[in-house]
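Welcome to this tour! Open your viewer, get ready to select residues by number, and follow along one stop at a time.

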Amino acid sequence: MRIDFPSTDEERRSDWKWQLQHRIKTKEELSAKLRLTEDEISSFENCSEFFEFSVTPYYLALADPNDPRCPIRLQIVPRGEELIRNPLERQDPLAEETFMPVKGVTHRYPDRAIWYLSHVCAVYCRFCTRKRKVSKSFHTPGKEEWEQALEYFKTHSEIREVILSGGDPLNLSNEKLDYLLGELKSIPHINQVRIHSRYPVTLPMRIDSELCAIFKKHYPLYLVTHFNHAKEITPLVREKTAQLALEGGVTILNQGVLLKGINDSAETLTELFYGLTAIGIKPYYLHQCDEVWGSTGFRVEIEKGAEIMKKIRGRISGLSVPLYVVDLTGGGGKVPLPGDYLVEKKERSYVFRNYRDDLYEIGY
């Protein structure tokens with residue numbers, strides 16, 4: 001079952017700014033659309049002290065109003081587990097603030113930097129790595145900090161890639177995006193620019209001809225989006241993804257998160273990965289959920305995640321299989337998680353177990 005919104009609003013609801021202006025932000029507004037359980041109601045009240053709630057009418061309409069286990073609903077509705085503080089969890093699990101030479105810029109890897117441009121998201125995901133700063137305007141760099149960041153990029157020739165992030169960078173106006181992309185593309189040692197945005201998932205109407213023209217102007221660009229479930233791949237998403245690729249010339253990839261009760265099965269992920277490649281999006285990373293404070297209820301055991309990926313690899317096209325990774329807490333960077341295919345090393349050979357659990361021996 002899907003939530004109905006007034007059909008008379010159809011034209012307005014197709015406007016991305018209208019969607020942002022009419023985000024559902026209160027328990028009362030949400031209760032009018034979903035049949036909330038007592039646990040959801042109490043969790044909403046208790047969690048509001050630590051993290052704001054926000055969801056676009058578009059994305060909320062994908063949720064089942066009667067099923068509290070709906071994969072869309074689980075990503076957006078506060079839950080009691082968010083109040084659990086695991087000793088290893090941190091407010092800034094990836095140590096982004098530690099590696100911040102200029103406000104808004106995280107330079108953690110030698111050859112690339114993340115540029116935080118906006119504190120606003122269309123939807124505030126409950127497992128967000130940046131819960132400490134999204135929805136808080138004082139974290140957002142202004143024009144003066146933009147110039148400082150650009151100067152930093154210009155004077156650090158080891159930086160080959162800049163990743164625009166947030167919040168959501170597509171929350172910026174087209175004029176600002178055009179300016180920033182133009183400035184970055186004018187720096188000779190920057191090889192590529194990447195945009196990280198969940199708007200193709202939660203606010204696909206943001207993608208229009210004007211935005212695509214800007215992207216085409218600054219070709220090539222890479223956009224990494226964030227789908228977690230096949231239910232998020234709607235007809236509008238298919239239309240806007242094609243527009244991004246055909247009009248904007250954008251290469252689109254996806255990095256999802258492995259989430260307990262949402263997508264932690266081989267069947268669910270297979271449907272998602274095939275669904276993405278069917279609309280021209282390459283599954284790029286599947287992330288182990290970061291150890292941000294309050295994320296315990298979302299995290300899947302790494303052994304289970306590795307076993308799920310082992311079941312998937314070999315059964316579906318390699319083009320549709322992302323790399324399963326963990327971004328190490330404390331700023332250690334991403335490392336791939338093993339599938340444990342190597343069973344034994346002999347004197348002159350290795351023994352492997354494949355996705356069907358058959359044994360194969362190869363020499364060296």
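**Stop 1: Lys334 and its neighbours**

Start by selecting Lys334 and showing its side chain. Leaving out residues up to four places away in sequence, Lys334 touches Tyr109, Tyr285, His287, Val325, Val326 and Asp327. Add those residues to your selection to see what surrounds Lys334. Keep in mind as you look around that this is a predicted model.

Which strand holds this lysine? Lys334 lies in β9. Is Lys334 buried, exposed or partly exposed? With a relative accessibility of 29%, Lys334 counts as partly exposed, because that class sits between the 20% limit for buried and the 50% limit for exposed. There is also a record to know about here: an unreviewed UniProt entry places the feature "modified residue: N6-(pyridoxal phosphate)lysine" at Lys334.

**Stop 2: the nine-stranded sheet**

Now switch to a cartoon view and follow the sheet that β9 belongs to. Nine strands form this open sheet, in the order β1-β2-β3-β4-β5-β6-β7-β8-β9, and the pairing is mixed. Where are the edges? Select 105-109 for β1 and 333-336 for β9: these are the edge strands, and each pairs on one side only. From one strand to the next, the twist averages 30 degrees.

A general point helps in reading any sheet: strands pair through backbone hydrogen bonds, and they can do so in a parallel or an antiparallel way.

For a close look at one pair, select residues 192-196 (β4) and 222-225 (β5). These two strands run parallel and are joined by three bridges. Zoom in on Arg194, which stands opposite Tyr222 in β5.

**Stop 3: two helices across the sheet**

Next, select residues 143-155, which make up helix α7. Helix α7 lies across β1, β2 (112-116) and β3 (161-165), and runs at about 175 degrees to β2.

Then select residues 302-312 for helix α13. Which strands does α13 lie across? They are β6 (251-258), β7 (282-288) and β8 (323-328), and the helix runs at about 160 degrees to β8.

**Stop 4: three cysteines from the record**

Select Cys121, Cys125 and Cys128. UniProt lists these residues for "binding site", in an unreviewed entry. Cys121, Cys125 and Cys128 are also part of the lining of the largest pocket.

Take Cys121 first. Cys121 is found in the loop between β2 and α7. Its relative accessible area is 14%, so Cys121 is buried; the cut-off for buried is under 20%. Setting aside residues up to four places away in sequence, Cys121 touches Arg23, Ser54, Val134, Gly167, Asp168 and Tyr199.

Move on to Cys128, which is found in the loop between β2 and α7. Beyond its neighbours within four places in sequence, Cys128 is in contact with Phe51, Val134 and Val292.

**Stop 5: the annotated domain and Cys289**

Colour residues 107-319. The unreviewed UniProt entry gives this range the annotation "domain: Radical SAM core". Over residues 107-319, the chain is 35% helix and 17% strand, and the C-alpha atoms at the two ends are 30 Å apart.

Now find Cys289 in the loop between β7 and α13. Is Cys289 buried or exposed? Cys289 counts as buried, at 5% relative accessibility. Not counting neighbours within four places in sequence, Cys289 is in contact with Phe127, Val257, Leu258, Leu259, Ser295, Phe298 and Arg299. Try a distance tool too: Cys289 and Lys133 are 156 residues apart along the chain, and their C-alpha atoms are separated by 18 Å.

**Stop 6: a cavity**

Select Glu96, Met100, Gly104, Thr106, Ile114, Tyr116, Arg130 and Lys133, which line the largest cavity. Its volume is about 30 Å³.

**Last stop: the three-stranded sheet**

Finish with the open sheet in the order β10-β11-β12, where the pairing is antiparallel. Strands β10 (342-345) and β12 (359-363) are at the edges with a single partner each, so one side of each has no neighbour in the sheet. Neighbouring strands here are turned by 25 degrees against each other on average, direction ignored.

Select β11 (residues 349-353) to see its antiparallel pairing with β12 over five bridges. Your final pair to spot is Ser349, which stands opposite Gly363 in β12.

Definitions and conventions:
Residues numbered from 1 in each chain as written. Predicted model: local features only at pLDDT ≥ 70, side-chain atom pairs only at ≥ 80, totals over all residues. Heavy atoms only, no water. Pairing = 2+ DSSP bridges. Helix = DSSP H or I, 4+ residues; strand = E, 2+ residues; numbered from the N terminus. Axes fitted to C-alpha atoms, helices over the stretch in contact; angles between N-to-C directions. Contact = heavy atoms within 4.5 Å. UniProt positions renumbered as here; feature names shortened; annotations may be inferred. Buried < 20%, exposed > 50% of the residue type's maximum accessible area, 1.4 Å probe, protein only. 1 Å grid on protein atoms, 1.4 Å probe; cavity = no way out; pocket = protein on both sides within 12 Å on 5 of 7 lines; lining within 4 Å. Points joined across faces, edges and corners; volume = space filled by probe spheres on them.
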